[in-house]
Amino acid sequence: MSNTTRDPADRIVSTTAAVIVALAILVLIGWLFDVAALRTIAPIWSAMAPLTTLMLILISAAMHWHERRRAWANAALAGCAAISAAVLIELLFDANLGMNALTRVLDGRAGAPLPELPDGETATAMILLVAAL
């Protein structure tokens with residue numbers, strides 16, 4: 001096998017990461033333009049928090065860049081870990097680290113109620129996933 005040939009597993013990881021990023025961008029578009037159908041899979045399910053979407057994009061990008069751009073992958077993982085840690089600190093200690101302000105930027109609708117932060121379980125899972133990668 002030559003060095004230019006990619007392992008099939010690498011292609012699967014890259015394709016999966018691209019699909020996750022595309023779906024996460026659709027969710028962000030749903031938040032930006034107030035399209036409820038894009039924020040949730042089914043009407044009876046709760047909408048995905050914008051910060052959860054951002055963390056999924058960062059983790060997917062890190063998976064895609066893992067082999068070729070390790071510094072970029074580490075930066076994406078660090079960003080995801082920082083967001084997750086800040087969410088956990090806000091939830092556990094009732095501190096205001098400005099995560100709602102970041103959520104407001106991702107939402108973009110003037111006068112709309114703030115979307116909720118990701119729950120503690122999601123933030124913990126993201127930190128564990130970052131540690132695993």
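## Confidence in the model

The protein chain has an average pLDDT of 84, and 85% of its residues score at least 70; pLDDT is the predictor's own confidence in each residue, on a scale from 0 to 100. This is a predicted model, so to speak of local features a pLDDT of at least 70 is needed, side-chain atom pairs count only at pLDDT 80 or more, and totals for chains, interfaces and linings use all residues. Residues are numbered from 1 along each chain as its sequence is written, and side-chain values use heavy atoms, with hydrogens and water left out.

Confidence isn't spread evenly: it bottoms out in helix H5 (residues 99-107), at a mean of 66, and peaks in H4, at 94. Where pLDDT is low, the predicted coordinates should not be read in detail.

## Overall layout

The secondary structure comes to six helices and zero strands, so reading from the N terminus gives α-α-α-α-α-α. Helices here are DSSP runs of H or I with at least four residues, strands are E runs of at least two, and both are numbered from the N terminus.

Of the chain's 133 residues, 32% count as buried. The cut-offs are under 20% relative accessible area for buried, over 50% for exposed, and partly exposed in between (1.4 Å probe, protein chains only). The chain exposes about 8100 Å², with carbon and sulfur atoms supplying 67% of that; accessible areas come from the Shrake-Rupley method with a 1.4 Å probe, and for residues only the protein chains shown count as cover. As for contacts (heavy atoms within 4.5 Å), take the ones between residues at least 6 apart in sequence: 61% of them join residues at least 24 apart.

## The nonpolar core

The largest nonpolar core has 17 residues, and those with the most contacts inside it are Leu51, Cys80, Ile83, Val87 and Met99. A core in this sense is a set of buried Ala, Val, Leu, Ile, Met, Phe, Trp, Tyr and Cys residues joined through side-chain atoms within 4.5 Å. Helix H3 (50-65), helix H4 (70-93) and helix H6 (120-132) are the elements that give two or more residues to this core. H4 gives the most, with eight residues.

Cys80 shows who meets whom: leaving aside neighbours within four places in sequence, Cys80 is in contact with Met55, Leu58, Ile59, Met126 and Val130. Ser84 sits in helix H4 and counts as buried, at 0% relative accessibility. Not counting residues up to four places away in sequence, Ser84 touches Met55, Ala123, Met126 and Ile127.

## Where H3 meets residues from earlier in the chain

Two residues of H3 are worth a look here. Thr53 is in helix H3 and is buried, at 0% relative accessibility. Residues up to four places away in sequence aside, Thr53 touches Ala24, Val27, Leu28 and Met48.

Pro50 is also placed in helix H3, and at 0% relative accessibility Pro50 counts as buried too. Leu28 turns up again: the C-alpha atoms of Pro50 and Leu28 are separated by 6.4 Å, with the two residues 22 apart along the chain.

## On the surface

Val19, Leu23, Ile25, Leu26, Ile29, Leu32, Phe33 and Val35 form a nonpolar surface patch with about 680 Å² of accessible area together. Patches are made of residues with over 30% relative accessible area and no salt bridge, joining like charges within 9 Å and nonpolar side chains (Val, Leu, Ile, Met, Phe, Trp, Tyr) within 5 Å. A salt bridge, for the record, is a side-chain nitrogen of Lys or Arg within 4 Å of a carboxyl oxygen of Asp or Glu. One patch member, Leu26, is found in helix H1 (residues 8-32) and is partly exposed, with a relative accessible area of 38%.

Ile12 is in helix H1 as well, and is exposed at 56% relative accessible area. The C-alpha atoms of Ile12 and His64 are 9.9 Å apart, although 52 residues separate the two along the chain. Over in helix H4, Trp72 counts as partly exposed, at 49% relative accessibility; Trp72 and Ala62 are ten residues apart in sequence and 7.1 Å apart C-alpha to C-alpha.

## An unusual phi

Most residues other than glycine have a negative phi. Asp94 goes the other way, with a positive phi near 50 degrees. Asp94 is found in the loop between H4 and H5 and is exposed, with a relative accessible area of 72%.
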